[in-house]
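Visitor: I should like to learn how to read the interfaces of a structural model. Could you take me through one?

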Amino acid sequence: MDKQATRDAYGKALVELGSLYDDIVVLDADLSKSTKTFDFAKKFPDRFFNAGIAEQNMMGMAAGLAAAGKVVFASSFAIFAAGRAFEQVRNSLAYANLNVKICATHSGITVGEDGGSHQSVEDIAIMRSIPNLTVIVPSDGVSTRQALFKLYQHQGPAYLRLGRPALPLIYKDDMDFQIGHGIQLRQGHDAAIIACGAMVALALQAAEILAAEGIQLSVVDMHSIKPLDKDITVSLAMQTGAMLTAEEHSIIGGLGSAVCEVVSENYPVPVMRMGINDVFGQSGTPDELMQHYGLTVDKIVQNIHLLLKKKTK
Amino acid sequence: MKEITEEAVAITIEKARQMRRNIIKMLGQAGSGHTGGSLSASDIVACLYFWEMNVDPANPHWPDRDRFVLSKGHAAPVLYAVLAEKGFFPIDNLNSLRTLGSPLQGHPDMRKVPGVEASTGSLGQGISWAVGMALAGKMDKKSYRVYTMLGDGEIEEGMVWEAAMAAAHYKLDNLMAFVDHNGLQIDGRVQEVMSPLPIPDKFRAFGWEVLEIDGHDHKQIMAALNSARTVSGRPTAVIAHTIKGKGCSFMEDRVEWHGVAPKPDEVKKALAELL
Ligand SMILES: Cc1ncc(C[n+]2csc(CCOP(=O)(O)OP(=O)(O)O)c2C)c(N)n1
Ligand SMILES: [Mg+2]
């Protein structure tokens, strides 16, 4: 299976978009080589501004540019874009409902060796709690490109959560990406996995293994954390009666919480949340860390077995 | 005021050389990390720990110790190198840099490593810690001093200037900040990415005593440390002109050596230059 990092797909798509639309402006905060805005900067130097190591000012400048009619894509690592600049995102971008797309790379623990200080496991939770803000977590390079085109057309602020390592490509180029609509990748009635980002490919592998055991799962790529796809969530609860959420993020406040909110209010069934269990990350290779924090195919398989026991109780 | 003797200078120069060798080795072993900014900071950090500061490796939490906060936390290897050299933990531990379960995280973690005074890595925050520590020293009428080191890219963070304002406001003459002015950040030269220049004038305008030195000249570093002790009623900033990657000719002043580790052949080449 071919692989591509979502940040690489972002960098490429940004250049494509820049060629199509003159009103796009890109900002970065001294990380353009890592966030991949560098290619846009080379191609369109007049529409790229480096804010330097000053993420809060970058978000403020983004607000001003958007208020003056530009469509702004602003990038840094997730920890700094959502973390350091949280209040600027909240008050300058979201409260004012401005057309700024925050494209945050290096999210989650797969940042790897830089360690816990740089591994954002809270960004979905804090971004999701902000009114007006759309939150998207794509699972592969193809859907990242599609998401970027949709976000350009979308009016208003958004947070796009991207990652550092290469991920398997799940989709074909003509895939249909709609903000607010999860993508059902597999149909089965025993339980449902709702996943986002790096966990989608792992969920598909786990479903394959379980199918061989005679357990049929539905698997949904819930790239759109906000607005969450309520219809698909509730109908899966009805069809399967047991759900597992999987995300490379804290189990507090992220996709798992969003799904629980919808399920508990509409059609309560057991939901098991897989993610980082309320701890900080640490240094290690991305693969070692995914193992260490239990974000693996094996762990999904185990958890589905546990979940099915709960279901029959 | 301590006398700057040839003997003392020979010692810190030798320590800096050992530290640079260990920085190269640990980064080579780890396969990732920040090489250039660790090497540019080595001489100042060596002078702090082997000439200036009062610390006790056997008692890292001694309340009266001097404190050093590495605000540019990505240069963790220089901090680990000096702490190991000083005896806070065995030199052999340096080999575990950036590996799963190691206390030597990619960025310094004060809860994991004895001698690390602050968990840094998010740029701009360390200087504020240093202000707080200096303030506590004043409150408790202690004579310890607080030192911090910033990158010249790091000072683009607005928070640095909030801290600078607070330090002068509270007359923290027990605080000293070094700016490792190597002229480079990640995306290029500081003047081209987001110019923080002129740096001395900015600190002066914020009410600091300001010194400018060659950050690789140990006598100048020591003289600056001496001179800061004579200043009363305001903090001292030392703008240290340095070379990123100092000590390894093929890394010096090269932006691409910010965040990459040397490969095995590069480790050999570098160590051959650090004899
Ligand atoms: C708040 C924050 N933003 C971005 C980064 C990513 N980053 C790490 S090092 C660095 C460049 C630092 O340049 P400088 O301060 O000049 O350090 P030096 O040249 O001494 O290595 C950046 C942008 C960070 N660690 N913290
Ligand atoms: Mg620098």
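**Reading two interfaces**

Guide: This is a predicted model. Chain A and chain B bury about 2000 Å² between them, and carbon and sulfur atoms give 45% of that area. On the side of chain A, the residues that lose the most area to chain B are D30(A), I53(A) and R84(A), together 31% of what that side buries.

Visitor: How many residues does the contact take from chain A and from chain B?

Guide: Chain A gives 24 residues and chain B gives 27 residues.

Visitor: What is the count of salt bridges between chain A and chain B?

Guide: The count is two salt bridges. One of them joins R84(A) to E157(B), with the closest N and O atoms 3.4 Å apart. In addition, 18 residue pairs are in polar contact across this interface. By class, the side of chain A that touches chain B has six nonpolar, eleven polar and seven charged residues.

Visitor: How is the size of an interface often given?

Guide: It is often given as the accessible area lost when the parts come together. The approach also serves within chain A, which is divided into domain 1 (3-168) and domain 2 (183-310). These two domains of chain A bury about 2300 Å² between them, 58% of it on carbon and sulfur atoms. In domain 1 of chain A, I109(A), V121(A) and R128(A) lose the most area to domain 2, together 30% of what that side buries.

Visitor: Which residue forms a salt bridge with R128(A)?

Guide: The partner is E261(A), and the closest N and O atoms are 2.9 Å apart. The interface of the two domains of chain A has one salt bridge and 19 residue pairs in polar contact.

Note on methods: Residues are numbered from 1 along each chain as its sequence is written. Chains are lettered from A and ligands numbered from 1 in the order in which they are written. This is a predicted model: local features need pLDDT of at least 70, side-chain atom pairs count only at pLDDT 80 or more; totals for chains, interfaces and linings use all residues. Side-chain values use heavy atoms; hydrogens and water are left out. Contact means heavy atoms within 4.5 Å. Buried area is the accessible area (1.4 Å probe) that two parts lose on being put together, summed over both. A salt bridge is a side-chain nitrogen of Lys or Arg within 4 Å of a carboxyl oxygen of Asp or Glu. A polar contact is a pair of N or O atoms within 3.5 Å; within protein, one must be able to donate a hydrogen and the other to accept it, and residues adjacent in sequence count only if both atoms are side-chain atoms. Ala, Val, Leu, Ile, Met, Phe, Trp, Tyr, Cys and Pro count as nonpolar, Asp, Glu, Lys and Arg as charged, and the others, Gly among them, as polar. Domain bounds come from an automatic or database domain assignment.
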